[in-house]
Amino acid sequence: MFIFGLAVVFKLLTIQFVVGDEYRALAEKRTVKDVVIPANRGNVYSVKGNLLATSIPKYDIRIDAITPSTKTFQKFLKPLSDSLAAYSGKSSSYYQKEIKKARANKNRYYLLARDIGYSDYIRLRDFPMLNLGAYKGGLIVEQTTKREHPMGGISMRTIGYEREDDDGNITRAGIDGAFGELYLRGVDGHRLKQNIGKGQWKPIVDYNQVEPKDGYDVYTTIDVNVQDIAHHALLEQLELYDAEHGCVVVMEVKTGEIRAISNLAKSPSGTYYEKRNYAVWESHEPGSTFKLATYMAALEDKVVDTSTVIDTGNGVKTFYGKRVRDSRHGGYGKISVGRAFEVSSNIAIASILDDAYAKNPMKFINRLKQWGLNTKLDVSIIGEGDPVIYEPGDKDWSRNALPSMAYGYNLRLTPLQMLTFYNAVANDGEMVKPRFIKQVKELDKEIKVFEKEVRREKICSDATLGAVQAMLKNTVEKGTGRKLYSKYFSMAGKTGTAQTEYWMKGWKENPRYVSSFAGYFPAENPKYSCIVVIHKPSTKKGYYGADVSGPVFKKIARKIFTDTPIIDEIESLEVNNASVEEEFQDYYKIANTYKTIMPNVVGLPAMDAIALCENLGLKVKIEGVGVVTSQSIPKGQKVKKNQTIVLAV
């Protein structure tokens, strides 16, 4: 027994003086922990101050049912239950029963309200007993933040997010991800919590040991009006052509500021959503939109000029065993270089490059490198795709590589990289870096302002610029983009139609295309440049760039012209609205053409249709509201005064 007693004393002394500190630290670790309080992320705003993303605080309200004294508990239980009943709609007796049960079960973490807003939080903490605080009333408040996007799904991928998974891996998408760590995230706070059993942790005090510091606010270059126009124009066309995915970017020519960027892909259910930032990430063969760079190189090297005549034959020509075709059956024959660009002849540009650079392909490729087409733009958004331009010595290089590159194959660029080149042409040769962020602020204090970045001061001579600018304008007026032409506003650009996945089996039975249009507007003194790329439209409905992507470009340009002023100064209050003027002219023409013969009013607004019919002396009955869908008197029939016509709308 004496030896046993000595062993006990020895063990006690060992625990007390040898390993005591270790056990005390372990005990404290198991009962008390330092909890991080995330700081509120800064807000993300549009260029005009519209809120794009914000952190909303949410609160869980709990009660430690053991902390209040018996006297306090009995005094305030019913008033607290009455207040909770008025707040939630449940009965007061329900809360009295549940809170009594929590006290009997020694529940120190009973939930009263979950995920409530700030106003409800202020209301609940003033309820009886809870207003006594943590020590006397048992109040427990836990705060979290949720990221909200006021614009919903529009531009959500561009605005982005910053998320951390269970393994500590962080995903940073869009602007929120790119500037999260540096500006938006803020500095986290700290708070001590105590283990109260059953895996639950209760704050020790009702204040924070270290208060969190909120992040800075980021002002983007996005214009919500232009963004809304671009998003819906793209969505409408994707749905019309049942395409797999697509993107559109609108950039301000002089500054490189991105005014709109939309990326939509089809979900398994057939709806469209922002899956990936295709404009920044997806490198692909651009097709005929790349011909702008090819013609510029040839003009700058004085290999040809716009009046040089090229023989394109009957529309089929073989280069080193590979047939190259033009879209026009029978070919274009002998045409000028300028006209070849307008009609997008593959044979013409392939012949120009092969004749001029076959013996020295690096001369052409060095031109592309001189313009920076082989390097990333290094935009702020993470995940930019790599541009790929092959050269002699690469495993994918062959004698046929050069003719293929002429019309946009055997190389890869992202839509944003392609747009940057077009924007340089619109900007009289100055190539600027695309920008998504304008400035960083803390309330009204400027933290950092982002200025224009110039990548190339002059990409080519003024003579070459003038030539390609005229060619781009002519393409819309009388070339492959002539369907887009409007006398009310000018545009310049280039269509593109590229085969994709042609290396896969079964392509002939199931062909896939990438339709694109890149350009700028107005054609004179351009304000905006824009690119539209749509992948895998239904070939049953159409796949040419002028038919699929071009209308998106035109709709964006037209709406920006009519809805968003291009000029900041108004010289006259008598401003002609192009679209309104066009509608009036159509109405006026019908009114003056049909005097006694019934015109076709289907598709007209109800008010216009009523006016036209009443001018003919007809009595009009309207069924519904909106646009006329049918008329009881058919088009072309002679009408009499006081005859009744029924218009369904």
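Q: What makes the meeting of E391 and K369 a salt bridge?
A: The term requires a side-chain nitrogen of Lys or Arg within 4 Å of a carboxyl oxygen of Asp or Glu. The side chains of E391 and K369 meet at 2.7 Å, N to O, so the pair fits the rule. E391 lies in the loop between β18 (388-389) and α16 (401-406), and K369 in helix α15 (residues 361-370), so parts 22 residues apart in sequence are tied together. Side chains of opposite charge can pair when their charged atoms come close.

This is a predicted model: local features need pLDDT of at least 70, side-chain atom pairs count only at pLDDT 80 or more, and totals for chains, interfaces and linings use all residues. Residues are numbered from 1 along each chain as its sequence is written, and side-chain values use heavy atoms, with hydrogens and water left out.

Q: Why is K369 called partly exposed?
A: Buried means under 20% relative accessible area, exposed over 50%, and partly exposed in between (1.4 Å probe, protein chains only). K369 has 29%, so the middle class applies.

Q: How many salt bridges does this rule give?
A: The count comes to 24. One of them joins K438 and E257, with the closest N and O atoms 2.7 Å apart. This pair links distant parts of the chain, 181 residues apart: K438 is in strand β21 (residues 437-442), and E257 is in the loop between β11 (245-252) and β12 (258-266).

Q: Is E257 buried or exposed, and how do you know that?
A: E257 has 2% relative accessibility, so it counts as buried. Its partner K438 is at 31% and counts as partly exposed.

Q: What makes E430 and K452 a salt bridge?
A: Their side chains meet at 3.2 Å, N to O. That value satisfies the salt-bridge rule, so the name holds. E430 is partly exposed at 21%, and K452 is partly exposed at 38%. Elsewhere, salt bridges that share partners join E252, E257, R259, R435, K438 and K527 into one network.

Q: Why is S288 called buried?
A: S288 has a relative accessible area of 7%, so it falls in the buried class. S288 sits in the loop between α11 (278-281) and α12 (291-300). Helices here are DSSP runs of H or I with at least four residues, strands are runs of E with at least two, and both are numbered from the N terminus.

Q: What makes the link between S288 and S344 a polar contact?
A: A polar contact is a pair of N or O atoms within 3.5 Å; within protein, one must be able to donate a hydrogen and the other to accept it, and residues adjacent in sequence count only if both atoms are side-chain atoms. The side chains of S288 and S344 are joined at 3.3 Å, so the distance meets the limit.

Q: How do you know that α12 is largely enclosed?
A: Ten of the ten residues of α12 are buried, so the rest of the structure largely encloses this helix. T294 is found in α12 and is buried at 0% relative accessibility. Leaving aside neighbours within four places in sequence, T294 is in contact (heavy atoms within 4.5 Å) with residues including I349, L353 and F364.

Q: Why is F2 called exposed?
A: F2 has a relative accessible area of 65%, so it is exposed. F2 lies in helix α1 (residues 2-18).
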